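Please go through the salt bridges of the model shown here, one question at a time.

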Amino acid sequence: MLSGTPTVSGQDSTYSGSPAATSALDSAIARAKARLLDLQHEEGYWVFELEPDCTIPSEYILMMHHMDEIDAGLQTKIAYYLRSQQNTDGSYPLYRGGAGDLSCTVKAYYALKLAGDSIQAAHMVQAREWILARGGAAKANVFTRILLAMFEQLPWRAVPLIPVEIMLLPRWFPFHLDKISYWSRTVMVPLSILCTYRVKARNPHKIGIAELFVTPPDQERNYFSHVKTPLGKAILALDRIGQLLEPLMPGYVRRKATAKARDWFMERLNGYDGLGAIFTAIVNSYEAMDYLGVPPENEQRKTARAAIDRLLVVKDEWAYCQPCVSPVWDTGLAALALQEVDRRERDPRTRQALASALRWLAAKQLKDEPGDWQVQRPNLPGGGWAFQFGNSYYPDVDDTAVAAYALEQAGNSDFADNVERAGIWIAGMQSRNGGYGAFDADNTHRYLNQVPFADHGALIDPPTADVSGRCIMLLGKLLNRHPEYRPVIDRCIAYLRNEQEADGCWFGRWGTNYIYGTWSVLTGLEAAGVSRNDPGIRKAVAWLKCGQGADGSWSEDNDSYQNAEISREIQPGTAFHTAIALLALLSAGEADCPEVAAGVHYLLKHQQDDGFWKDDSFNAPGFPAVFYLKYHGYDKYFPLWALARYRSERRRQAGGAWI
């Protein structure tokens, strides 16, 4: 939903096809390619940092104090990082440059206090005053209040009921594990043990944050004032009744449910990658094992602890903890960028790097492993990829489409089975409405976002336009061999037409935001064979062009997730957004338009001496309006990909000769 009146003219804002300009383009591509190749791991993959907002680093410190496993040196480094991220008003944002977030600020304040910062220090005074001015810690979100309850900073009535007996509910019941998203499942099951038994953090120094409450926690009566809808209030009333009846729960039922919860998460511990391969689920499983009496010397418990530490990024002065890692995603996208580069170069080093990357990707495909997705698709053969190094229960169609597309483009018969399996799996994971969720089919029970636990609004995994666009990108690529995918593609195109916004863009669930969604859809429609003269495509092209800045760049702020009108305001450009806007326009046949030329010029002008580009902004949501990420690879391989695609298109238009 960007709009504006860009200036795309003059020597400073356009790219010409002169020999000098062609040389500059070739040089920029060569430098970026060489730098990217330098960063490839010897095993063949790429993995870049995945930086979260300050909630995850804060929770790492809180986890150390919960377990009384405090690494003082590491804690000092994380505290240094936290201080560096504070806004000038004392708050902590969910993304760099954003407004302060109450829950994030409460966690950061508590973590810094646990790390030894004096509450009289200027940065602590500022944070405290900011928190109190917004109602205090009692107004923090549910996940924050659960953590504070375990640290005995507020009563358990301040959090919703999460009884372990949810494990025994039948599938027809309005709430069931199979009806919520993979990330909610893996977080909630061990958390239900912690909450049911009201597990207390060890907190060896007995540090509290009473000073962050406007009303003493025991006297506070408005912990759920955020619940506004009639359905939400009805569910909250049931929650309160459940809390009153909980003491009457028969002991044998609770023991049976606890055993089932334990078996569920222990079965999915996932080795050194951890439960669900995401930080919060791993920490909950680790703390639940501790409560259940699994001894410290137990191999599974030690492995879970190691899985947490494998998420750390540690530098000389500072450190933070990632929410997860992204090697399959980074490797797939880097491979697509390099394949576009190699389309005209045939460079032996690039060929060798691609061969190594594709072999690594092929080996990571999940085929016959058990997975939660099989609940909805029990007869569908496996064929997906996970996002992380290992996450066998939870492949996702987004990574699968990217990885399989790269393998298909290689034209190597060694990968034929991998690609065939991926196509069958993606076709089979389509939801009834024609779209695709990330990890499950038909995970669309939207009423569940009204339960008190779900104040983050992301308890489910419904289809989204960006993931759906990627799926038809792959299926369209396979269509010549598999005409049976045509009905699948057509249903998805119909879904995407319904999802297009009034001004021509598409929402981006997994990347910021409308530019990302529009790029994802336009690349899918191109592969699916939709005419570039299609009214929906032309409308999207017009929207993209109107959002270009005077310097030729594109950008979008994460505030657009909370207020779509903000996305109409042109912001300072980023290499990432400029690159994906260019890729979108190139997919729509706009290689020779002045907006594309200006975008290319912007990328050439802003390339760094090391061959890469540098964006400071966060570029993706974990959960829109709740949790954000910075993919450190996005300002590296996306600009390279865009420049290479532009070069390919211009040469194709010139009949194979440079212009």
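The turns below deal with salt bridges and their surroundings.

Me: What kind of model is this, and how many salt bridges does the structure hold?
Reply: This is a predicted model, in which local features need pLDDT of at least 70 and side-chain atom pairs count only at pLDDT 80 or more, while totals for chains, interfaces and linings use all residues. Residues are numbered from 1 along each chain as its sequence is written, and side-chain values use heavy atoms, with hydrogens and water left out. A salt bridge is a side-chain nitrogen of Lys or Arg within 4 Å of a carboxyl oxygen of Asp or Glu. For this predicted model, the number of salt bridges is 43.

Me: Is glutamate 340 buried or exposed?
Reply: Glutamate 340 pairs with arginine 343 in a salt bridge, with the closest N and O atoms 2.8 Å apart. Buried means under 20% relative accessible area, exposed over 50%, and partly exposed in between (1.4 Å probe, protein chains only). Arginine 343 is partly exposed at 36%. Glutamate 340 has a relative accessible area of 7%, so the class is buried.

Me: Which residue forms a salt bridge with aspartate 442?
Reply: Aspartate 442 is buried, at 7% relative accessibility. The partner is exposed, with a relative accessible area of 70%. The closest N and O atoms of the pair are 3.5 Å apart, and the partner is arginine 432.

Me: How far apart are the closest N and O atoms of glutamate 526 and arginine 532?
Reply: Glutamate 526 is partly exposed, with a relative accessible area of 27%. Arginine 532 is partly exposed as well, at 32%. The two form a salt bridge, and the closest N and O atoms are separated by 3.2 Å.
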